Amino acid sequence: MSMAPTVLRLAGTVAGLVLLAAQTTTASAAPPPRSPAPHASASASAAAAAETWYPPLSTRGRYIVDARGDRFRLKGANWDGAQGSWTGSGDIGDPAGHHAGQDSHGIPLGLDRVPLDGLLADFHELGINTVRLPFSNEMIHSTGAVPDSAVTANPQLRGRTPLQVYDAVVDALSRSGFAVILNNHTNTSRWCCGVDGNERWNTGQPTPQWADDWVFMARRYARVPGVVGADLYNEVRRNVLDDPNWGLGDDHDWYAAAQLAADRILTEGDPHLLIVVEGINWTGLPVDGLPHGRPQLTPVGTLSHTLVDAHKLVYSAHFYGYTGPHHSGATGIGETHDARYQDMTREQLGAALDDEAFFVEESGRHYTAPVWVSEFGIGSGETNPAARTWFGNMTDYLADHDADFAYWPLVGFEGHDDWALLRYDGAGHRSGALDAADWRGMAWRHLMSAPGTTGPVTSVPVWRMLATDHGDAVESLSARATGDWDPGARKAACPDGLRLIGLGHTSGRGLCTDAGTTALATDAGQTVVTDERYVPAGRDWASGYTKLQCPPGALLTGYSVRGERVSAALCAPGRSALAGAARTVWFDRSDNRPGGAAGGDFAEGDHKGQCAANEYAAGIAFTTRFGSRPGPDALLCGAGGGEPGA
């Protein structure tokens, strides 16, 4: 979220759920399937400005699509307030102690000044189709009613808790045709992002409780068609003592925590939601000469997420002109001599955006996913030429790259927060980016009207990695249903519909895909292979090595390891005939992968073996000879049969 450049951002600085009365937003533990019914504004006037789309949303390569497979570009803004506005100093009851003098009372801003329908009509006039709706974990559990003064313009909301007000806002947004992405912004209800106890998802609460809250929220809105996504946590960053990390397996591992929450949301909460994972916003101490910086999504290049639904992952990042790749955004204490984004030329900014985030949209990689710039913004009163130029360059980049975005913030009080796209005075009069006098209007209109991909999006092959670095990576619901198929081993299985096509020699990493014509049966059983019983007589494809080969007509979908040693292979029948010559792909001494290396480097620093995209893997060979590494040494690759379903 935005803060004045003179204020140090934390990114640059060193029990049970309360179930409230049932409302239209509450849902059962097992939400019903969502049919692709059209979703558009309930009001005729707003419908003219709103596009018709069909929930739920999913992904195809770098694009988000609706239930009909049509592109749905997130053109959004952040309606903040429910995450809290208190800055952590001063009297919480005094507006002066709140960001920009705006006391949100723990609910979305503006409900004291404008009727809800009026706010939504203004949102439509801006042209947005998506609202990122922050909340705090504290909001979920708060049982006290918001003061009447917080909902003066919406008396129907009097006497409600912050969560119940949030319910009403979610319902209204959905009925008005907006896509709503829930965003867990903070643990406690206070303004982000200082030394505030909200640096990580688990700074103020255990990770299991955080995941429990997400399951609760996903279930609560599972019957609301406009709720399309779960943005897991905002701006994960360093606290006073320690950095977050991506893949170390400890209590500060954001990669693992996001994987856990995503899994629980999709399997226990609502399987239809997009899962939004933001990169790491800051690590290190902002002192010249010491390591520090803004990793954003760069770790995704070597360790990406694989979800039980391979079409639900979206990555996100935040960009503000006064921050930079290695600049905290501070002025004074915490300021370094690193470049801010607004110090960069247009070309330098574009290169930074590519390196830190948009490389993820490259096709045919294990990390390929849509990238959502879920926060960027600037004040209408900004006079710094460099900052103004940055905003023009930033919006041009988003427009030219047909990117998904959400501006911060959407609503503010006149005379208090000039960053808001829409500002309202005490009488409900509006000002902001829609006014001719607001210099941001030209860039905003260009961003909203720039041409981009529309209509049907062609399906593309999916590539996903499996990582058993610190535990199981069983992303197949079918495999999970069979129970623990190799007790004591670290197990990995491709999401249902994908097959295993590559392995690392010592890393325990794997690569999954649905490329080519080989497809898996959707309703057939799986086979765990622990010996050579399925190796045909006279067909020793890896002489002197132990071979785990799938039964005839089956292909690899998973594997298990004990340390480096191969333990078992998981196989599933192919939907079409698995015929043609087979070949042995050795990778014990070097990489052995097809030209072009589709899927990318799924096991950095390790030897990798990979079948061609039009092949399937049917066996793993390894050795237990003294002095040899016991990991996979070879794959048996075979040619697929006819088209899927033939």
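This report describes one helix pair and one group of paired strands in a predicted model.

**The helix pair**

Helix 4, which spans residues 162-175, and helix 5, which spans residues 207-220, have axes that come within 12 Å and cross at roughly 40°. Angles under 35 degrees count as roughly parallel and those of 65 to 115 as roughly perpendicular, and helix 4 and helix 5 are therefore oblique to each other. The crossing in which helix 4 passes helix 5 is right-handed. On the side of helix 4 the contact is made by Leu163, Tyr166 and Asp167, while helix 5 contributes Phe216, Met217 and Arg220. Sorted by class, this contact of helix 4 with helix 5 consists of 4 nonpolar and 2 charged residues, with no polar residues.

**The paired strands**

The second topic is a set of strand pairings that involve strand 23 and strand 24, and the table lists them with their bridges.

| Strand pair | Sense | Bridges |
|---|---|---|
| Strand 18 (residues 490-493) and strand 23 (residues 554-562) | antiparallel | 4 bridges |
| Strand 23 (residues 554-562) and strand 24 | antiparallel | 8 bridges |
| Strand 21 (residues 527-529) and strand 24 | antiparallel | 3 bridges |

Strand 23 thus appears in two of these rows, paired with strand 18 and with strand 24. Where strand 18 meets strand 23, Arg490 has Val561 of strand 23 as its bridge partner. In the pairing with strand 24, the bridge partner of Leu556 is Cys571 of strand 24. Strand 23 and strand 24 form a hairpin with 2 residues between the strands, and in this hairpin Gly563 takes a positive phi near 70°.

Strand 24 also pairs with strand 21 in the antiparallel sense, and here Val528 has Leu570 of strand 24 as its bridge partner.

**Burial of the two hairpin strands**

Burial is assessed with a cut-off of under 20% relative accessible area. In strand 23, 8 of the 9 residues are buried, so this strand is largely enclosed by the rest of the structure. For strand 24, covering residues 565-573, the count is 7 of the 9 residues, and strand 24 is therefore also largely enclosed by the rest of the structure.

Notes
Residues numbered from 1 in each chain as written. Predicted model: local features only at pLDDT ≥ 70, side-chain atom pairs only at ≥ 80, totals over all residues. Heavy atoms only, no water. Axes fitted to C-alpha atoms, helices over the stretch in contact; angles between N-to-C directions. Parallel < 35°, antiparallel > 145°, perpendicular 65-115°, else oblique. Left-handed = near helix turned anticlockwise from the far one by under 90°. Contact = heavy atoms within 4.5 Å. Nonpolar A, V, L, I, M, F, W, Y, C, P; charged D, E, K, R; others polar. Buried < 20%, exposed > 50% of the residue type's maximum accessible area, 1.4 Å probe, protein only. Pairing = 2+ DSSP bridges.
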